[in-house]
Amino acid sequence: MVRDQLKVLVIQAIQSAQAAGDLSPFEIPAFSLDHPRQTDMGDYAVSVAMQLARIARLPPPQIAQQIAKHLQLGEMASAEVVNAFINIRLSPAFLSTKVGDILARGENWGNIDLGRGQKAQVEHGSANPTGFATIGTARNVTVGDTLANTLEAAGYAVHREWYVNDAGTQIRVLGGSVFARYAQASGVDEPMPEKGYLGDDVALIGKQIFEREGERYLHLPREEAVRAIGRLGIDLIMEHIKVTLVRMGIRYDNFFSEKSLHTSGQAAAMLEGLSQKGLILEYEGASWFSEDGSPIRSGQGRKQTAEQYAAAGLAQSDDEDAPDIDDKGKTLPVQAVVMRSAKVVPNPDERATYFASDIPYVWNKAVIRGFNPAVYVWGEDHQADVPRVYAAAKALGIPDGVVRILVYRFITLMRGGEEVRMGKRKGNAIWIDDVIDEMGADALRYVMLSRAIDTKFAFDLNVLKEHNDTNPVFYVQYGHARTCSIERKAEEEGWPMDRTASLVYEHSSELMLIRKIMLLPEMVELIAQSLQPHHYTTYARELTQAFSKFYEDCRIKDSPPDIVYRRLQLVHAVRLTLAKVLRLMGMSTPQKM
RNA sequence: GCGCCUAUAGCUCAAUUGGAUAGAGCACUUGACUUCGGAUCAAGGGGUUGUGGGUUCAAAUCCUGCUAGGCGCGCCA
């Protein structure tokens with residue numbers, strides 16, 4: 001990358017200045033090369049002189065002058081000192097040579113070698129299989145899939161995984177719901193279980209099972225039938241979700257069964273191991289894990305009184321399942337989370353608690369399968385579990401930085417200015433499939449990607465339906481289609497061109513365009529490190545803008561043959577870059593629109 | 001009550017993670033089509049970055065008080 005090359009040259013300049021006695025000897029601190037806000041200030045700015053003021057014992061402008069004096073940029077660029085900034089401007093000749101480099105790299109343009117083949121995992125989606133994929137899942141999978149694409153481009157061997165929550169209470173409730181719908185489909189008047197899933201998706205699944213399997217489950221013992229139907233239901237729902245994901249351009253390497261952590265004995269082995277390390281406390285018939293990863297000693301704890309629960313607002317709940325205050329008025333371990341309890345699940349080998357799965361799962365990812373990084377994409381409702389999983393990773397000896405949990409904010413769904421409340425259980429969810437039908441998968445992905453994951457944003461279905469051509473994705477795709485169109489026309493009409501012409505660009509719109517093109521590998525690096533994929537949307541729009549300006553200013557057809565060739569080469573470099581960004585974002589690259 | 005997140009132009013959001021004069025899109029006003037694709041381009045107005053302090057050569061960005069909003073906090077998942 002150009003930025004890395006320049007950084008080396010700046011370091012060499014400082015060393016050279018020190019060797020010449022122009023700067024005192026000191027250890028060079030970490031510094032960065034930035035892009036100045038104003039493009040007339042150059043392509044890169046170095047502010048290291050201000051950092052060095054104290055250790056070099058000179059005023060910053062003088063330091064900058066000394067560094068600039070020893071900076072050997074050759075034909076690549078020129079440097080100028082302004083207010084202690086060293087501004088580096090890439091030369092037109094150098095920028096021109098990059099076009100040839102980009103064309104030579106072809107489809108690989110934009111790829112970098114940050115990961116050096118290291119195994120990385122992005123686990124995303126992972127919604128409970130209690131219904132079809134809802135619009136709430138769209139942000140999760142779009143962010144996750146884009147990050148997976150990015151890590152791949154950054155040189156990692158990427159594994160894409162969906163964690164299937166196929167154990168636990170909700171799944172049992174689902175089984176009952178599907179069974180009721182199955183029975184109803186066969187003509188039996190079977191009531192839905194309490195808190196059952198009322199959506200038409202579950203009804204459809206129940207009907208499908210009846211059509212496929214007939215009445216035979218009605219003749220089995222009730223519990224056995226519900227169990228079997230529940231398993232069939234999960235499978236059918238997952239199949240449906242997979243079809244939806246494919247429509248969004250998303251494929252997985254693996255669907256990881258939560259249940260397998262328990263049936264394989266991994267969860268039990270983990271509990272045993274943690275217990276031997278003194279990280280598990282047996283208390284009141286349950287097993288607790290120390291949340292901060294430090295050992296728990298018996299007797300250490302705090303009084304959880306009725307007053308404290310009332311203060312926390314927990315006792316005000318109308319929910320019948322709300323905690324019984326009398327039951328809480330006793331000592332609990334400090335910052336501990338339950339892992340296993342006969343009260344939750346009578347047979348804990350099947351699945352103790354939610355957290356009892358998190359610990360073996362993080363071990364499975366980071367240690368057994370060796371992913372680094374192991375990226376989680378979680379909704380904000382799981383925010384409280386983040387420190388617990390980090391603590392678990394620490395307790396298990398997994399180095400910092402291996403486990404990276406991203407928490408995104410839920411979108412607010414609007415329809416005609418009114419907020420839409422939805423829930424799978426109540427049966428008023430909005431399916432991704434329906435939104436794709438309305439606005440298309442590319443536009444949906446672009447919307448989901450265009451805001452930083454910390455941002456809560458409103459997503460108005462009506463507005464997007466009415467004004468879907470204002471979505472910037474069409475602007476970017478239009479730019480791509482236009483590059484294709486120009487190349488097609490040049491081919492079909494046989495525009496005269498001089499294929500021996502040198503690639504030297506002079507027009508300011510050409511040079512600005514090359515500058516934007518060259519940022520692609522920096523974007524891949526930025527997003528691979530920060531895991532913030534919204535940067536692509538800004539970049540894609542700016543790149544397309546630079547191309548549109550070039551298109552207005554620099555006519556190709558009917559120009560002298562050397563210019564025709566030169567500009568067509570540049571158009572192809574744009575095409576490669578736009579196509580790469582669109583593919584990284586998981587969007588299609590239309591040749592016509 | 002405690003924890004996490006958020007507050008930037010009329011609206012929706014950026015700001016390459018601490019750099020120079022805070023930028024785009026939408027909306028509004030004005031201009032450009034015998035054109036390689038007008039789904040375009042050019043120009044204009046619009047800001048005390050919620051608010052008070054602090055750290056730093058440098059703060060929208062880091063720390064902190066306050067205000068407003070969102071989410072979370074069960075032997076639920």
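What share of the contacts in chain A with a separation of 6 or more is accounted for by residues 24 or more positions apart? In this predicted model, such residues account for 75% of those contacts.

**Figure 1. Overview of chain A, with its helices, strands and buried residues.** Chain A of the predicted model has 22 helices and 17 strands. Of its 593 residues, 39% count as buried.

**Figure 2. Helix 8 and the elements that cover its buried residues.** Helix 8 is made up of 26 residues, from 222 to 247, and at 1.5 Å a residue these should span 38 Å, which agrees with the 37 Å that lie between its end C-alpha atoms. The buried residues of this helix are Val226, Ile229, Gly230, Leu232, Gly233, Ile234, Ile237, His240, Ile241 and Thr244. An α-helix has 3.6 residues a turn, so residues three or four places apart point the same way. Among the elements that cover the buried residues of helix 8 are helix 6 (169-185), helix 7 (200-213) and helix 15 (432-439). Helix 8 is followed by Gly249, a residue whose phi is positive, near 80 degrees.

**Figure 3. The largest nonpolar core and a second, separate one.** The largest nonpolar core holds 148 residues, and the members that touch the most others are Ile67, Ile86, Leu151, Ile517, Tyr536 and Val581. Helix 22, which covers residues 561-584, gives the most to this core, with 13 residues. A second, separate core consists of five residues, including Trp162, Tyr163, Val164 and Phe256.

**Figure 4. Surroundings of Ile67, a member of the largest nonpolar core.** When its neighbours within four places in sequence are left aside, Ile67 is in contact with Val10, Ala13, Ile14, Ala17, Ala49 and Ile86. Of these partners, Ile86 is itself among the core residues that touch the most other members, and Ile86 is also the bridge partner, in strand 4, of Val46.

**Figure 5. An open sheet of four strands, with helix 3 lying across two strands.** The four strands are arranged in the order 1-2-4-3, and their pairing is antiparallel. Strand 1 (33-34) and strand 3 (77-82) stand at the edges, where each has a single partner strand, so that one side of each is left without a neighbour in the sheet. Strand 2 (residues 44-46) and strand 4 (residues 85-90) run antiparallel and are joined by three bridges. Helix 3, formed by residues 60-70, lies across strand 3 and strand 4, and runs at about 165 degrees to strand 3.

Conventions. Residues numbered from 1 in each chain as written. Chains lettered and ligands numbered in written order. Predicted model: local features only at pLDDT ≥ 70, side-chain atom pairs only at ≥ 80, totals over all residues. Buried ≥ 20, exposed ≤ 12 C-beta atoms within 10 Å, placed from the backbone. Contact = placed C-beta atoms within 7 Å. Expected span 1.5 Å × (residues − 1). Core = buried A, V, L, I, M, F, W, Y, C linked by C-beta atoms within 7 Å. Pairing = 2+ DSSP bridges. Axes fitted to C-alpha atoms, helices over the stretch in contact; angles between N-to-C directions.
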